[in-house]
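Subject: The structure, and what turned up in it

Hi,

Here is the structure I said I would pass on. Have a look at it first, and then read on for the side-chain contacts.

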Amino acid sequence: MELLDGKKISNQIKEEIAAEVAEMKKRGEKVPHLAAVLVGNDGASLTYVGSKVKACERVGFESTLVKLPSTISEVELLRKIKELNEDESVDGFIVQLPLPRQIDTQKVLMAVDPDKDVDGFHPVNFGKMALDMTTFIPATPFGILELLERYNVETKGKHTVVIGRSHIVGRPMSILMGRKGFPGNSTVTLTHSHTKNITQITSQADIIITALGQPNYLKAEMVKDDAVIIDVGITRVPDETAARGYRIVGDVDFEHVSKKVSYITPVPGGVGPMTIAMLLKNTLLARERHMLKSRA
């Protein structure tokens, strides 16, 4: 069994991006600028956005954190997004989810300029991804592809089972794993809460990508020998023995499943660090595109 070490690979990617940014500076070019919109004080969101800002510093990007109160109206938030769309100094920005109840998330994501949508959530970018066109791939699926590629995990002709059909991970992964090229060319089964006989399906899978958010859902008896396991789940489970009073657990019963498989991502330290690295990669791509556009 080999660990798909997201921490190690994400550090390599950050070093590569930092080297590109250093070259941009040498040429006197503007460095990439990522903005993050944070509404309210959700603990997990604060941590996540904080790590994105730190990652920007590390690679030499400019970053802006736009903090807004949880009481903000939808109209005010849409006005702020319009400002960011029109701000030529900002190459890409993200709106941290979840948003408060009074705000229509879909309306907000639709308002983001597709050319600055480095999260890859806008329907224009999602549609381009589905059609195999150049676009921003959502950061978590992009990170999974990168892990598979850098560990040279064979995907052609393999049976990939995706558990969960969210727009952020499950649905895009099912499209990307079936596309032409590497990683891809696999036969994909997308499963969800209404799927019957799920163990029968997962036990035939060469690759399982699970993004459910249910701790230890995938058991050893659901997995065949030498399968490849990508665990996107991340849940805080109370644990009095841990310093913080909780521990982070994935969707996979790691202790037992890891004994049967060829590759597996740990939680934490697997897909999570890759998500932030690929967000930086998308921001670099946005900067390069904006530069080409300005020269045209």
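Let me start with Glu83, which is partly exposed at 43% relative accessibility. Please keep in mind that this is a predicted model.

The side chain of Glu83 forms a salt bridge with that of Lys80, at 3.0 Å from N to O. Both residues belong to helix H3 (residues 74-86), and they are three residues apart, about one turn of the helix. Lys80 is partly exposed as well, because its relative accessible area is 23% and the partly exposed class begins at 20%.

How many salt bridges does the structure hold? The total is 13, and two others go with the Glu83 pair in this note.

One of them joins Asp115 to Lys293, with the closest N and O atoms 2.5 Å apart. Asp115 is in the loop between helix H4 (105-111) and helix H5 (123-130), whereas Lys293 is in helix H10 (residues 271-295), so this salt bridge ties together parts that lie 178 residues apart in sequence. Are the two partners buried or exposed? Asp115 has 30% relative accessibility and counts as partly exposed. Lys293, at 52%, counts as exposed, because the line for that class is drawn at over 50%.

The other is between the side chains of Glu16 and Arg150, which meet at 2.9 Å, N to O. This pair also links distant parts of the chain: Glu16 sits in helix H1 (residues 6-26) and Arg150 in helix H6 (residues 139-150), 134 residues apart. Glu16 is partly exposed, with 35% relative accessibility, and Arg150 is partly exposed too, with a relative accessible area of 30%. The contact is also part of a network of salt bridges, which links Glu16, Glu146 and Arg150.

Now for the rings. How many aromatic pairs does the structure hold? The count is zero. There is, however, a charge over a ring: the charged end of Arg289 sits over the ring of Phe136, 4.3 Å from the ring centre.

If you open the model to follow along, I would begin with Glu83 and Lys80 in helix H3, go on to Asp115 and Lys293, then turn to the network of Glu16, Glu146 and Arg150, and finish with Arg289 over the ring of Phe136.

Happy to talk it through whenever suits you.

Best wishes

Definitions and conventions: Residues numbered from 1 in each chain as written. Predicted model: local features only at pLDDT ≥ 70, side-chain atom pairs only at ≥ 80, totals over all residues. Heavy atoms only, no water. Phe/Tyr/Trp six-rings, centres within 6.5 Å; stacked < 30°, edge-to-face > 60°. Lys NZ or Arg CZ within 6 Å of the ring centre and 35° of its normal. Salt bridge = Lys/Arg side-chain N within 4 Å of Asp/Glu carboxyl O. Helix = DSSP H or I, 4+ residues; strand = E, 2+ residues; numbered from the N terminus. Buried < 20%, exposed > 50% of the residue type's maximum accessible area, 1.4 Å probe, protein only.
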